[in-house]
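Q: Please take a close look at one part of this structure with me, and then at what lies around it. I am in my first year, so go step by step.

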Amino acid sequence: MRKQRKPIWIMMALILLLVLSACGQAATTNSTTGDNTNAAAETGTKTDSDSASSSDEAATGEEELVTYQSDAGEVQVPKNPKRIIDLTSFSTGYFVALDAPVVGALSGAMNNKYIKDQLAAAGTSDLGEEPTPEKLISLKPDLFIVYTGTEGIDKLEQIAPVVQITFGKRDFKDLMLEMGKLTNREDAAKAWNAKWEAKINELKPQVQEAVGDRTVSILNPYAKGLYVFGHNYGRGGEIIYGEFGLKAPAKAQAEAIDSGTGWASISMELLPEYSGDIIFTSPWSGDTTDPKIVYDNALWKNLPAVKANHVFQLDPTSDSYNDPLTLEGQLQFISDSLLSVK
């Protein structure tokens, strides 16, 4: 389901790093500042006494390090990371919510409507979807965030510590606590979770009363049929099924939720069996297929939810995320939609 990015850019990183390091060492032959300048040349940082308070401090390697238990083992990381590069997209919103400094993020995260303004205001660099080694090195990161098993991690480790996280291993509240621990912002993470729980406790009884025993589906048309989403794959599933405890149709429950996968793929002919009394939908962002193939189909038009106008359109890109700030935005839309159902 998640697209695999080509790892070739990562494989180039070490080569470029070695070139830059060699250039830096050569530059020290004309320097009069001794060992301090030599260290700066190797890291690309400033050498004057004020640099300790600048953004380049993160690249000097002089900040305090602590041991963090990542999903791939222990790693030494800065106690207070100042220049984070997130190469997962789906974690970026956690750092924004925690006010942790992200200097680089992939385009998917940069274009997420729930966090893009904050990233722009912070001056976060858009790395595209396949970042170049030149760009990564120029940002002088003190921490990389990647998914477990990403190719080229050993090359990234030549630039800065790398923390690996396993996609889907934790729910968003547990991951929020982990990211708080990683960035030395545990109190802020706990505070967000407490605020979220209070909001859910306020809305949940209202939503459950409005929906009653009716079922809810999350459906995305794509080239070969539809994706059915569950409780842990974004698109509001964490709220609809997880927080509000609403019911999915039996087959969707079995294949997309009870299975633990978070999604299932079905053909158009099976649509009625997976469709709930209420539907949240959007085109699948993974291809360019015209969603009218589904939405104009007689099977779709004859669904009870469609006839009752109980269909609500999600954002095809931003709502695929499930970070704290995206969830805050989704909560408003999903609650308003469900409370409007009569």
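A: Let's start with S275, which is buried because its relative accessible area of 14% falls under the 20% cut-off for that word. Keep in mind as you turn the picture that this is a predicted model.

To find S275 in the chain, look for the loop between α12 (271-274) and β11 (278-281). Its side chain has a polar atom that lies 2.8 Å from the backbone oxygen of L271, and that distance is within the 3.5 Å used for a polar contact. Now look further along the sequence. If you set aside the neighbours within four places, S275 is in contact with S217, L219, P249 and L303.

It helps to see the whole chain for a moment. There are 16 helices and 12 strands in its secondary structure. Of its 342 residues, 47% count as buried. Take the contacts between residues at least 6 apart in sequence: 65% of them join residues at least 24 apart.

A second serine makes a good companion to S275. S335 is found in helix α16, and with a relative accessible area of 2% it is buried. Not counting residues up to four places away in sequence, S335 touches L203 and F244.

That contact with L203 leads us to a pair of helices. In the packing of α9 with α16 (residues 324-339), the angle is about 20° and the axes are 10 Å apart. That is why α9 is described as roughly parallel to α16. The two helices make a left-handed crossing. On the α9 side, the residues that meet α16 are W192, W196, K199, I200, L203, Q206, V207, A210 and V211. Their partners in α16 are P324, L327, E328, L331, S335, L338 and L339, so our second serine is part of this contact. Sorted by class, the contact has 12 nonpolar, two polar and two charged residues. Here is a tip for reading such lists: an α-helix has 3.6 residues a turn, so residues three or four places apart point the same way.

Next, follow α9 (residues 186-211) to another partner, α8 (residues 172-182), where the packing angle is about 160° and the axes are 7 Å apart. An angle over 145 degrees counts as roughly antiparallel, and α8 and α9 therefore run roughly antiparallel to each other. Their crossing is right-handed. From α8, the residues in the contact are F172, K173, M176, L177, G180 and K181. From α9 come E186, A189, K190, W192, N193, W196 and E197. This contact is made of six nonpolar, two polar and five charged residues. If you compare the lists, W192 and W196 appear in the contact with α8 and also in the contact with α16.

Let's stay with α8 a little longer. It is mostly covered, with eight of its 11 residues buried. Those buried residues are F172, K173, L175, M176, E178, M179, G180 and L182. At the N-terminal end of α8, D171 acts as a cap: one of its side-chain oxygens lies 3.1 Å from the backbone nitrogen of K173. Just after α8 you will find N184, which takes a positive phi of about 60°.

N309 also has a positive phi of about 60°, although it is not a glycine. This asparagine lies in the loop between α15 (304-307) and β12 (311-313), and it is exposed, with a relative accessible area of 63%. S89 has a positive phi too, near 70°, and is likewise a residue other than glycine. Look for S89 in the loop between β3 and α3 (92-97); at 5% relative accessibility, it counts as buried.

Our last stop is β3 (residues 84-86), the strand that holds I85. At 0% relative accessibility, I85 counts as buried. Leaving aside neighbours within four places in sequence, its contacts are V103, G104, L127, L136, L139, P141, L143, F144 and I145. Choose L136 from that group and find both residues in the picture: I85 and L136 are 51 residues apart in sequence, while their C-alpha atoms are 8.1 Å apart in space.

Technical notes. Residues are numbered from 1 along each chain as its sequence is written. This is a predicted model: local features need pLDDT of at least 70, side-chain atom pairs count only at pLDDT 80 or more; totals for chains, interfaces and linings use all residues. Side-chain values use heavy atoms; hydrogens and water are left out. Helices (H or I, at least four residues) and strands (E, at least two) are DSSP runs, numbered from the N terminus. Buried means under 20% relative accessible area, exposed over 50%, partly exposed in between (1.4 Å probe, protein chains only). A polar contact is a pair of N or O atoms within 3.5 Å; within protein, one must be able to donate a hydrogen and the other to accept it, and residues adjacent in sequence count only if both atoms are side-chain atoms. Contact means heavy atoms within 4.5 Å. Axes are lines fitted to C-alpha atoms, for helices over the stretch in contact, and angles run from 0 to 180 degrees between N-to-C directions. Angles under 35 degrees count as roughly parallel, over 145 as roughly antiparallel, 65 to 115 as roughly perpendicular and the rest as oblique. A crossing is left-handed if the near helix is turned anticlockwise from the far one by less than a right angle, and right-handed if clockwise. Ala, Val, Leu, Ile, Met, Phe, Trp, Tyr, Cys and Pro count as nonpolar, Asp, Glu, Lys and Arg as charged, and the others, Gly among them, as polar.
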